[in-house]
Amino acid sequence: MRIVNVEPPAWLWDTPGQSLARALAVPRINFGDLLRRHLREGTELGRRAAETMESGGLLPDELMTAVVRDHLRREAPAAFLLDHHPRNAAQAVALDELLRELGTPLDGVVRLHLPEQEPERHVRSVADRRVRRGASTHYHEPAAGTPAAEGACNLCGADLYRRRDDEESRARGRFSTHEAWAEPVARYYSARDLLVTVDAVGTPDEIAGRALTALRQHGS
């Protein structure tokens with residue numbers, strides 16, 4: 001099964017996309033991971049992306065499609081779940097053309113939708129999140145009135161700090177940006193009868209379970 005997953009920026013480690021890929025027993029292709037590999041290895045695509053990013057510009061559609069094309073042609077997966085791509089309708093059209101060329105058209109598209117009150121709850125959760133110094137594990141600040149020391153991990157006592165990306169204004173901006181690009185992408189795939197929409201409430205495994213049921217009911 002070949003699936004595009006459109007999920008909001010509400011999870012950092014284990015995500016519904018990861019859980020859904022496990023449930024489908026397919027590899028998860030995360031666009032961000034593909035891009036970081038090109039940047040790390042200094043490929044031609046990586047150099048072009050770095051130049052654009054350093055100048056403060058947005059990556060052009062053609063470059064983002066080229067990153068995905070490079071991976072799909074090299075790895076040639078018969079099934080996959082693609083996360084964080086496409087980001088607009090033009091990229092969705094280009095992805096369709098690429099997959100037709102490879103003989104591996106999409107079977108379905110999952111849009112994970114946060115009900116009305118959920119985005120604000122997630123923004124606050126992200127803003128409250130802290131990182132243990134010297135480790136990549138995130139840990140939430142203890143609630144007021146708990147015995148844990150301010151700025152210290154409840155579990156190990158390590159210093160905690162908040163990443164700049166977790167500041168409330170930045171977290172809120174990520175949600176706004178997501179909605180701006182997710183809506184036209186969803187309309188594009190809905191018109192092609194590929195879209196299923198699932199409420200993104202609960203644990204990643206619970207959300208993935210609902211998505212899997214919706215895909216099966218849709219006939220994907």
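Colleague: Which residue in S3 is the bridge partner of Ile-29?
Modeller: Leu-82 is the S3 bridge partner of Ile-29. Keep in mind that this is a predicted model.

Colleague: And in what sense do S2 and S3 pair, and over how many bridges?
Modeller: S2 pairs with S3, which covers residues 80–83, in the parallel sense over three bridges.

Colleague: What is the strand order in the open sheet?
Modeller: The order is S2-S3-S1-S4-S8, so to speak, with five strands and parallel pairing.

Colleague: Which are the edge strands?
Modeller: S2 (28–30) and S8 (195–199), each of which pairs on one side only. From one strand to the next, the twist averages 25°.

Colleague: OK, helices. Which strands does H1 lie across?
Modeller: Helix H1 (residues 16–24) lies across S1 (2–6), S2, S3 and S4 (108–113). Relative to S3, H1 runs at about 170°.

Colleague: And which strands does H2 touch?
Modeller: H2 packs on the sheet and touches S2 and S3. The direction of H2 makes about 60° with that of S2.

Colleague: How do the axes of H2 and H3 cross?
Modeller: At roughly 100°, and the axes of H2 (residues 31–41) and H3 (residues 44–54) come within 7 Å. Angles of 65 to 115 degrees count as roughly perpendicular, so H2 is roughly perpendicular to H3.

Colleague: Which residues make that contact?
Modeller: From H2, Leu-35, His-38 and Leu-39; from H3, Leu-45, Gly-46, Ala-49, Ala-50 and Met-53.

Colleague: How many of them are nonpolar, polar or charged?
Modeller: The contact of H2 with H3 has six nonpolar residues, two polar ones and no charged ones.

Terms used
Residues are numbered from 1 along each chain as its sequence is written. This is a predicted model: local features need pLDDT of at least 70, side-chain atom pairs count only at pLDDT 80 or more; totals for chains, interfaces and linings use all residues. Side-chain values use heavy atoms; hydrogens and water are left out. Axes are lines fitted to C-alpha atoms, for helices over the stretch in contact, and angles run from 0 to 180 degrees between N-to-C directions. Helices (H or I, at least four residues) and strands (E, at least two) are DSSP runs, numbered from the N terminus. Angles under 35 degrees count as roughly parallel, over 145 as roughly antiparallel, 65 to 115 as roughly perpendicular and the rest as oblique. Contact means heavy atoms within 4.5 Å. Ala, Val, Leu, Ile, Met, Phe, Trp, Tyr, Cys and Pro count as nonpolar, Asp, Glu, Lys and Arg as charged, and the others, Gly among them, as polar. Two strands pair if DSSP finds at least two bridges between them.
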